[in-house]
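Subject: Structure for your files

Hello,

Please find the structure below, followed by notes on what was found in it.

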Amino acid sequence: TDEALLPTGEVRSVAGTAFDFRNGRIITPGDPAMDLNFCVSDARLPCRAVLWLQGGDVTMAFATTEPGVQVYDGAGGVPPYAGLAIEAQGWPDAPHHAGFPSVDLHPGDTYQQITEWRFGRV
């Protein structure tokens, strides 16, 4: 995103950054600060797991058909970091970026999103 927090159209790799969670790791509030879209695919796909969290003895798995997952860490909440927002979506500002997966919906089209949340115990 730019200084105004608008998508620039650039898609960056998470490899070697604070946002590389592919191998799992412990995160703490604000490390890293999160209010961003993870580009998990370049199109809507059959429902597939994209996120797995563990806190104590509780686990949560998140699966979606959507190409993007917005994650917000609640830094601006009251109190700060009281929750974590995880939202399946198209990539932000997709109509203005030709290289982004389309979010266009035309008269007569059908749109279906599947998002699954699964909770368990370790």
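**Glu116 and its salt bridge**

At a relative accessibility of 28%, Glu116 counts as partly exposed, because partly exposed covers the range between 20% and 50%. Please keep in mind that this is a predicted model.

Glu116 forms a salt bridge with Arg118, and the closest N and O atoms of the two are 2.6 Å apart. The side chains of Arg118 and Glu116 are also joined by a polar contact of 2.6 Å. Arg118 is exposed, since its relative accessible area is 54% and exposed begins over 50%.

**Arg118 in strand E6**

Arg118 sits in strand E6, which covers residues 115–121. Which residues does Arg118 contact, leaving aside its neighbours within four places in sequence? They are Thr59, Met60 and Ala61. Strand E3 covers residues 58–64. Ala4, by contrast, is 35 Å from Arg118, C-alpha to C-alpha, with their positions 114 residues apart in sequence.

**The sheet**

How many strands form the open sheet, and in what order? There are three, in the order E2-E3-E6, with antiparallel pairing. Strand E2 (48–55) and E6 each have a single partner strand and stand at the edges, so each is left with one side that has no neighbour in the sheet. On average, neighbouring strands of this sheet are turned by 15° against each other, direction ignored.

E2 and E3 run antiparallel and are joined by seven bridges. Within this sheet, Trp52 stands opposite Ala61 in E3. Ala61 is also one of the residues in contact with Arg118.

**Other salt bridges**

The structure holds five salt bridges. Besides Glu116 with Arg118, they include the two pairs described here.

Arg121 forms a salt bridge with Asp57, with the closest N and O atoms 3.2 Å apart. This pair links distant parts of the chain: Arg121 belongs to strand E6, Asp57 to the loop between E2 and E3, and the two are 64 residues apart. Arg121 is exposed, with a relative accessible area of 65%, whereas Asp57 is partly exposed at 41%.

The side chains of Arg22 and Asp20 meet in a salt bridge of 2.8 Å, N to O. Are these two residues buried or exposed? Arg22 is exposed, with a relative accessible area of 59%. Asp20 is buried, because its relative accessible area is 19% and the limit for buried is under 20%.

**Asn37**

Asn37 is found in strand E1, residues 35–39. With a relative accessible area of 16%, Asn37 is buried. A polar atom of the Asn37 side chain lies 3.3 Å from the backbone nitrogen of Val69.

What else does Asn37 touch, leaving aside its neighbours within four places in sequence? Its contacts are Gly68, Val69, Gln70, Gln89, Gly90, Trp91 and Pro92. Val69 thus appears both in this list of contacts and as the residue whose backbone nitrogen lies 3.3 Å from the Asn37 side chain.

Regards

Methods
Residues are numbered from 1 along each chain as its sequence is written. This is a predicted model: local features need pLDDT of at least 70, side-chain atom pairs count only at pLDDT 80 or more; totals for chains, interfaces and linings use all residues. Side-chain values use heavy atoms; hydrogens and water are left out. Helices (H or I, at least four residues) and strands (E, at least two) are DSSP runs, numbered from the N terminus. Buried means under 20% relative accessible area, exposed over 50%, partly exposed in between (1.4 Å probe, protein chains only). Contact means heavy atoms within 4.5 Å. A polar contact is a pair of N or O atoms within 3.5 Å; within protein, one must be able to donate a hydrogen and the other to accept it, and residues adjacent in sequence count only if both atoms are side-chain atoms. Two strands pair if DSSP finds at least two bridges between them. Axes are lines fitted to C-alpha atoms, for helices over the stretch in contact, and angles run from 0 to 180 degrees between N-to-C directions. A salt bridge is a side-chain nitrogen of Lys or Arg within 4 Å of a carboxyl oxygen of Asp or Glu.
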